[in-house]
Amino acid sequence: MKFFFDYERPELAEIFNPPFRATQIYKSVYQRRFEDFERMTDLPKPLRADLAEQWEIRLPAVHRRFDSSDGTRRYLVRLKDGEFAETVFIPEENRNTICISSQIGCALDCKFCLTGQLGLTRHLSAGEIVAQVLVAQRDHSSSDASFNIVLMGMGEPLHNYDNVMKAIRILHDENGLNMSMSRITLSTAGLLPGIERLAKEPMIPNLAISLTGATNEKRNALMPINRKYPIEQLLDAVHRFPLKHRQRVTFEYVLLEGVTDAPEDAFALVKLLQGIRAKVNLIPLNEAEELSYRRPSDAAVEQFQQILIDHNISAFIRKNRGNDISAACGQLKKKWAEVPA
Ligand code: SAH
């Protein structure tokens, strides 16, 4: 069986005869949300039966769902080989956000990240990435009108470059979900060759850089990837990254008590971002038993933010959402994957 969500529409147009069937089926799957070919009464009946034998259009099952008191919902999406992709739906006033994973585990080993402790099990296919969005959306039928997608779940998206970009093209397809690129954000720990490749794509999502450390010394200790692609090279690539009118690069900065939260860290960050159209998201650490770092006090977080603002850098404090349902990246899988639904 071929997993329908793994295919771009132009690929399907090569497979189906006549090619316009590709568009027809795409619309039925992505817009009308049919999960059964029998419902596609605009297709000849024998074709429907044929398709049902060859193509899987049912979405993967939700192994478990965790509902936070703040409305955040986390899903463990069960994949064909029994692995779980972690997906989060975050309701916001104007627009909802769906946070999706690009890999099972991660190879980068950032010291404050739980997914890093899992190591990399495997890449997700394009369809497995796309399906997470549909699963989360299906569960929110009335409120799904407008939503953003962030690639900030498990995994390093640029380490799974081809599948991630394919998934983005599928989500963007006008006969599919028709997601605008400005509503998709790809977050990277700083895989330099991937950033350079992304800069040359015809369709480019928003870029977020996980910085968490404004000097090589700090970043080397927290994020081993920095030893390969040091901060100056990373920032240089960001300088060259093509931006649209009024578009900015987001820098994510995890605040770790006594490690990245001092005023001098904020000053170093200010210096680093000089001349970059940047926006900073400050993320107070999501604490977990397995992590040896602490979350700073609210006062320290606010002081850090104020220093950035005083230097004309837009800085936002990211609320820790879904704390009561194991909010930290990778936490959910670690705790719950073994528990039967
Ligand atoms: N690999 C990509 C995307 C996944 S991580 C990247 O690094 O950007 C998504 C974000 O969560 C990153 O900004 C990362 O720094 C942050 N993060 C990881 N562990 C965290 C924790 N325990 N608390 C708060 N933020 C964390």
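**Figure 1. Val238 in helix 10 of the predicted model.** Val238 lies within helix 10, which comprises residues 231–240. The residue counts as buried because its relative accessibility is 3%, under the 20% cut-off. When neighbours within four places in sequence are set aside, the contacts of Val238 are Ile209, Val249, Phe251 and Ile276. Asn175, by comparison, is separated from Val238 by 63 residues in sequence and by 32 Å in space, C-alpha to C-alpha.

**Figure 2. Pairing of strand 11 with strand 12.** Strand 11 (residues 206–210) runs parallel to strand 12, and three bridges join the pair. Ile209 has Phe251 of strand 12 as its bridge partner. Both Ile209 and Phe251 are also in contact with Val238, a residue of helix 10. In general, the strands of a sheet are paired through backbone hydrogen bonds, in either a parallel or an antiparallel manner.

**Figure 3. The open sheet of ten strands.** The strand order is 3-4-5-6-9-10-11-12-13-14, with mixed pairing. Strand 3 (62–67) and strand 14 form the edges, each pairing on one side only. On average, neighbouring strands of this sheet are turned by 20 degrees against each other, direction ignored. Helix 12 packs on the sheet and touches strand 12, strand 13 and strand 14. The direction of helix 12 makes an angle of about 165 degrees with that of strand 14.

**Figure 4. The buried and exposed residues of helix 12.** Ala300, Val301, Phe304, Gln305, Ile307 and Leu308 are the buried residues of this helix. They lie on the same side of helix 12, because the arc they cover around the axis is only 155 degrees. An α-helix has 3.6 residues a turn, so residues three or four places apart point the same way. Asp298, Ala299 and Asp310 are exposed on the other side of helix 12. The cover over the buried residues includes strand 12 (249–255), helix 11 (263–272), strand 13 (278–284) and strand 14 (314–317).

**Figure 5. Length and end of helix 12.** Helix 12 consists of 13 residues, 298–310. At 1.5 Å a residue, the expected span is 18 Å, and the end C-alpha atoms are 18 Å apart, which agrees. Just after the helix, Asn312 adopts a positive phi of about 60 degrees.

Technical notes: Residues are numbered from 1 along each chain as its sequence is written. This is a predicted model: local features need pLDDT of at least 70, side-chain atom pairs count only at pLDDT 80 or more; totals for chains, interfaces and linings use all residues. Side-chain values use heavy atoms; hydrogens and water are left out. Helices (H or I, at least four residues) and strands (E, at least two) are DSSP runs, numbered from the N terminus. The expected span of a helix is 1.5 Å times one less than its number of residues. Buried means under 20% relative accessible area, exposed over 50%, partly exposed in between (1.4 Å probe, protein chains only). The arc is that of the directions from the helix axis to the C-beta atoms. Contact means heavy atoms within 4.5 Å. Two strands pair if DSSP finds at least two bridges between them. Axes are lines fitted to C-alpha atoms, for helices over the stretch in contact, and angles run from 0 to 180 degrees between N-to-C directions.
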